[in-house]
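Me: Hi! I have a structure open and would like to go through it with you, bit by bit. Can I just throw questions at you?

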Amino acid sequence: MSELRAVIFDVDGTMADTERDGHRLAFNRAFVEAGLDWDWDVSLYGDLLAVAGGKERIRFYLNNYKPDFVQVPNLDKFIAELHAVKTQHYQQLVASGAIPLRPGVKRLLQEARSNSVRLAIATTAALPNVIALLQLSLAPDALEWFEVIAAGDIVPAKKPAPDIYQYVLQDMSLSAPDCIAIEDSRHGLQAATTVGIKTVITINDYTQNQDFAGAALVLNHLGEPEEPFTVIAGDAGDTSHLNLELLRRLHAR
Ligand code: XBP
Ligand code: MG
């Protein structure tokens, strides 16, 4: 087994709890602005998360929940414009400070950086949303922390397809055994492990009941020295928070 050379982070649900009070609210604000009477409540949004990607999620909603929706002349354009407005609302929400990072995220990123472990992002969310969150919730220079930020439509097929992880590996000239991924969802786990990347899961309210068989470790969050994680599945030894030493141990197994 090669040494751990890179950590690949998912964003939504992993770095921050962005879905319920971020993306969901932004979708609803875009619907209001477009004069639509759609309202994605917390429970419905959990069902819609079955589909990754905001544009894909709108299309899935139309197909499955709004069969009587009056056809617009160009559905792709309609969805793309609605999603662009949603993206603006999401960025405003991030700018308002509504979406803090989850425990341990900044600490682990800083530790990786100071030990020359390379960093990347693999997300299905649109790039402007990722940039907003990184710059406002992580650090003003956070874009420089990551060698590659693979986001949104950069690949044709979104998670659970493995494409976004394949893209990252190719861009960094790394192979799967060089890396470990941090994800929050079954989709993310499937995307990373299909490529052969070991994956740590940090659950959240929307993903806590998903099947994480095949994960290297399942935690409630990454933990801080003063805010230990709870291990849901796997063996973290006597460590209380996910640090580089534990990541290296998981990677070597
Ligand atoms: C995140 C997503 C994204 C966000 C919305 O999944 O599915 O679509 O919900 O963002 P993951 P956009 O954490 O697995 O990458 O509207 O920008 O797509
Ligand atoms: Mg996620």
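Me: Which residues are linked in a network of salt bridges?
Reply: Happy to help! This is a predicted model, and in it the network of salt bridges links Lys 55, Glu 56, Asp 153 and Lys 158.

Me: How many salt bridges are there in the whole structure?
Reply: A search of the whole structure gives 11.

Me: Back to Lys 55 and Asp 153. How many residues apart are they, and where does each one sit?
Reply: Their side chains meet in a salt bridge, 2.8 Å from N to O. The pair links distant parts of the chain, with their positions 98 residues apart. Lys 55 belongs to helix 3 (residues 54-65), while Asp 153 is in the loop between strand 3 (148-150) and helix 7 (163-172).

Me: And what does Asp 153 do with Lys 158?
Reply: Those two form a salt bridge as well, and their closest N and O atoms are 2.8 Å apart.

Me: Is Lys 158 buried or exposed, and why?
Reply: Lys 158 is buried, because its relative accessible area is 12% and the cut-off for buried is under 20%. Lys 55 counts as partly exposed, because its relative accessibility is 23%.

Me: What about Lys 159, which residue does that one form a salt bridge with?
Reply: Lys 159 pairs with Glu 183, and the closest N and O atoms are 2.9 Å apart. This pair also links distant parts of the chain: Lys 159 is in the loop between strand 3 and helix 7, Glu 183 is in strand 4, and they are 24 residues apart. Both Lys 159 and Glu 183 are buried.

Me: New topic: the ligand. Which residues come nearest to ligand 1?
Reply: There are 18 residues around ligand 1, and the nearest of them are Glu 19, Gly 54, Arg 57, His 83 and Lys 86. For His 83, an N or O atom of the side chain is 2.7 Å from an oxygen atom of the ligand. The side chain of Asp 10 also has an N or O atom 2.8 Å from a ligand oxygen. With Thr 124, a polar backbone atom is 2.9 Å from an oxygen of ligand 1.

Me: How much of ligand 1 does the protein cover?
Reply: The protein covers 96% of the 450 Å² of accessible area that ligand 1 has on its own.

Me: Where does Thr 124 lie?
Reply: Thr 124 is in the loop between strand 2 (118-122) and helix 6 (127-138). Thr 124 is buried, as its relative accessible area is 16%. Leaving aside neighbours within four places in sequence, its contacts include Ala 52, Gly 152 and Lys 159.

Me: Now Asp 184. Where is that?
Reply: Look in the loop between strand 4 (179-183) and helix 8 (186-195). Asp 184 is buried yet has no salt bridge, and the nearest side chain of opposite charge, Arg 102, is 6.1 Å away.

Me: So which side chain does Asp 184 have a polar contact with?
Reply: Asn 204: a polar contact of 2.8 Å joins the two side chains. Beyond neighbours within four places in sequence, Asp 184 is also in contact with residues including Asp 10, Asp 12 and Phe 212.

Me: Last one: what about His 23, buried or exposed?
Reply: His 23 counts as buried, because its relative accessibility is 3%. You will find His 23 in helix 1 (residues 19-33). A polar contact of 2.7 Å joins its side chain to that of Asp 12.

Technical notes:
Residues numbered from 1 in each chain as written. Chains lettered and ligands numbered in written order. Predicted model: local features only at pLDDT ≥ 70, side-chain atom pairs only at ≥ 80, totals over all residues. Heavy atoms only, no water. Helix = DSSP H or I, 4+ residues; strand = E, 2+ residues; numbered from the N terminus. Buried < 20%, exposed > 50% of the residue type's maximum accessible area, 1.4 Å probe, protein only. Lys, Arg positive; Asp, Glu negative; His and termini not counted. Salt bridge = Lys/Arg side-chain N within 4 Å of Asp/Glu carboxyl O. Polar contact = N/O pair within 3.5 Å; in protein donor to acceptor, adjacent residues only side chain to side chain. Contact = heavy atoms within 4.5 Å. Near = heavy atom within 4 Å. Areas by Shrake-Rupley, 256 points an atom, 1.4 Å probe, with all protein chains shown as cover.
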